[in-house]
Amino acid sequence: MEYILLIFLSILFAMNMGGSGIAPSFSSLYGGGFIKKKKAILLFGAFVILGAITLGRNVSVTIGKKLVSGGIHEPALALIVIVSATTCLLIANLLKIPQSTSMETVSAVAGAGLYLKKLNAEILFFKIIPSWLIFPLLSFFLTSLIYRKIYPPTNDNINLYEKLFLNEKKLKIVSYLSALYVSFAIGTNNVANAVGPLYGTGIIDMKEGLLLLSPFFGIGALIFGSGTLETAGKRVAKLGLISSPVVAFVTGSILLIASLLGIPFPLVELNLCSIMAISRIKNPEVSIFQTGEIRRILFIWSATPLLALFLSYGLCHIAGV
């Protein structure tokens with residue numbers, strides 16, 4: 001019964017991650033009016049599965065076996081991690097804020113590790129958290145560097161500009177491919193947030209877990225994704241056929257690097273920092289931090305991981321695991 005409950009909650013967690021993850025994948029295309037919601041959800045689900053089954057192993061090992069010394073070896077412990085992370089992610093989805101599944105999961109695992117006095121501080125404080133700080137900054141500066149070569153139009157880049165707009169159909173294809181690229185990258189990293197705890201207990205094989213849970217990202221995007229897609233695509237910033245692939249290329253590449261390094265990584269932070277870089281170049285006189293939507297997003301990003309940590313720690317204490 002305990003195993004069935006754990007698998008059920010892992011499925012619910014995967015669905016919530018799908019609801020959150022579709023925003024950084026397709027918000028650019030959707031915000032620009034280049035794709036309908038249903039088509040975005042279908043493509044997102046398919047490429048998450050592809051990413052999970054090809055490159056999803058490393059992050060699953062970090063979460064399930066390495067972050068807590070000895071791994072998440074007990075079903076009760078895995079249940080606490082999943083419940084804590086899912087609760088906090090659900091809060092963000094209900095508030096229509098695209099939230100980082102990785103931050104919620106790592107925080108929940110860290111809470112359990114603190115209670116058990118088995119937290120692998122070296123991995124958390126010298127590998128995961130530094131990457132959470134450095135990679136979003138890298139996303140911002142790389143996006144700025146690339147986009148400044150294109151915008152605004154000048155004598156130096158006017159020929160490039162003309163070629164781009166003479167090939168608008170090709171630009172749309174590139175935008176679609178870039179969205180699929182990000183969806184694939186999500187599969188390589190974020191599916192592990194649900195698979196890791198199951199893998200750590202030993203109740204499911206790695207490949208089976210990735211194949212079982214990745215399809216629920218698409219189902220979750222269908223159920224929960226409309227609100228987060230609307231928030232990221234139309235309320236925060238609208239991107240065009242040129243800026244959309246730039247954002248996707250930068251954020252997807254950084255996420256793939258994180259996956260290869262076995263680092264659970266918050267893609268939504270990468271995505272927002274990249275969009276902020278575009279917004280700053282287009283509107284240098286307007287600070288994006290002045291918008292209420294951005295302040296609301298930053299508050300939720302800060303509050304829910306802390307809630308996941310304390311909730312996990314408290315549930316461990318109550319359960320006496």
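Is Ser-243 buried or exposed in this chain? The structure is a predicted model, in which local features need pLDDT of at least 70 and side-chain atom pairs count only at pLDDT 80 or more, whereas totals for chains, interfaces and linings use all residues. Residues are numbered from 1 along each chain as its sequence is written, and side-chain values use heavy atoms, with hydrogens and water left out.

Solution. Ser-243 has a relative accessible area of 1% and is therefore buried (buried means under 20% relative accessible area, exposed over 50%, partly exposed in between, with a 1.4 Å probe and protein chains only). The residue is found in helix α12, where helices (H or I, at least four residues) and strands (E, at least two) are DSSP runs, numbered from the N terminus. Leaving aside neighbours within four places in sequence, Ser-243 is in contact with Tyr-147, Ile-278 and Lys-282 (contact means heavy atoms within 4.5 Å).

**Exercise 2.** Follow the contact from Ser-243 to Tyr-147, and state where Tyr-147 lies and what it touches.

Solution. Tyr-147 lies in helix α6, and its relative accessible area of 4% is why it counts as buried. Beyond its neighbours within four places in sequence, Tyr-147 is in contact with Ile-242, Ser-243, Ile-278, Ile-281 and Lys-282. For Ile-278, the C-alpha atoms of the two residues are separated by 7.1 Å, although their positions lie 131 residues apart along the chain in the sense of sequence separation.

**Exercise 3.** Determine how many aromatic pairs the chain has, and classify two of them by geometry.

Solution. Rings of Phe, Tyr and Trp (its six-membered ring) pair if their centres lie within 6.5 Å, with planes under 30 degrees apart counted as stacked, over 60 as edge-to-face and the rest as tilted. By this rule, three aromatic pairs are counted. The rings of Tyr-115 and Tyr-313 have centres 5.7 Å apart and planes at 85°, so this pair is edge-to-face. Since Tyr-115 lies in helix α5 (residues 101-116) and Tyr-313 in helix α14 (residues 292-319), the pair ties together parts that are 198 residues apart in sequence. Tyr-115 counts as partly exposed, at 21% relative accessibility, and Tyr-313 also counts as partly exposed, at 38%.

The rings of Phe-135 and Phe-265 have centres 5.3 Å apart and planes at 45°, so this pair is tilted. Phe-135 is in helix α6 (residues 121-147) and Phe-265 in the loop between α12 (243-260) and α13 (267-282), so that, at 130 residues apart, the pair links distant parts of the chain. Phe-135 counts as buried at 14% relative accessibility, and Phe-265 is buried with a relative accessible area of 0%.

**Exercise 4.** Describe the surroundings of Gly-196 and of Thr-105.

Solution. Gly-196 is found in helix α9 (residues 191-201) and is buried, with a relative accessible area of 0%. Not counting residues up to four places away in sequence, Gly-196 touches Ser-60, Ile-63 and Gly-64. The C-alpha atoms of Gly-196 and Ser-10 are separated by 9.8 Å, the two residues being 186 residues apart along the chain.

Thr-105 is placed in helix α5 and counts as buried at 1% relative accessibility. Under the corresponding exclusion of residues up to four places away, Thr-105 touches Phe-13, Ile-63, Val-81, Ala-85 and Asn-193. Ile-63 thus appears in the contact list of Gly-196 and in that of Thr-105.

**Exercise 5.** Examine the backbone of Lys-117, and say what is notable about its phi.

Solution. Most residues other than glycine have a negative phi. Lys-117 has a positive phi of about 60° although it is not a glycine. Its place is in the loop between α5 and α6, and at 75% relative accessibility Lys-117 counts as exposed.

**Exercise 6.** Summarise the chain as a whole.

Solution. The secondary structure comes to 14 helices and zero strands. Of the 321 residues, 56% count as buried. Among contacts between residues at least 6 apart in sequence, 86% join residues at least 24 apart. The accessible surface, from the Shrake-Rupley method with a 1.4 Å probe and, for residues, only the protein chains shown as cover, comes to about 13800 Å², of which 68% belongs to carbon and sulfur atoms.
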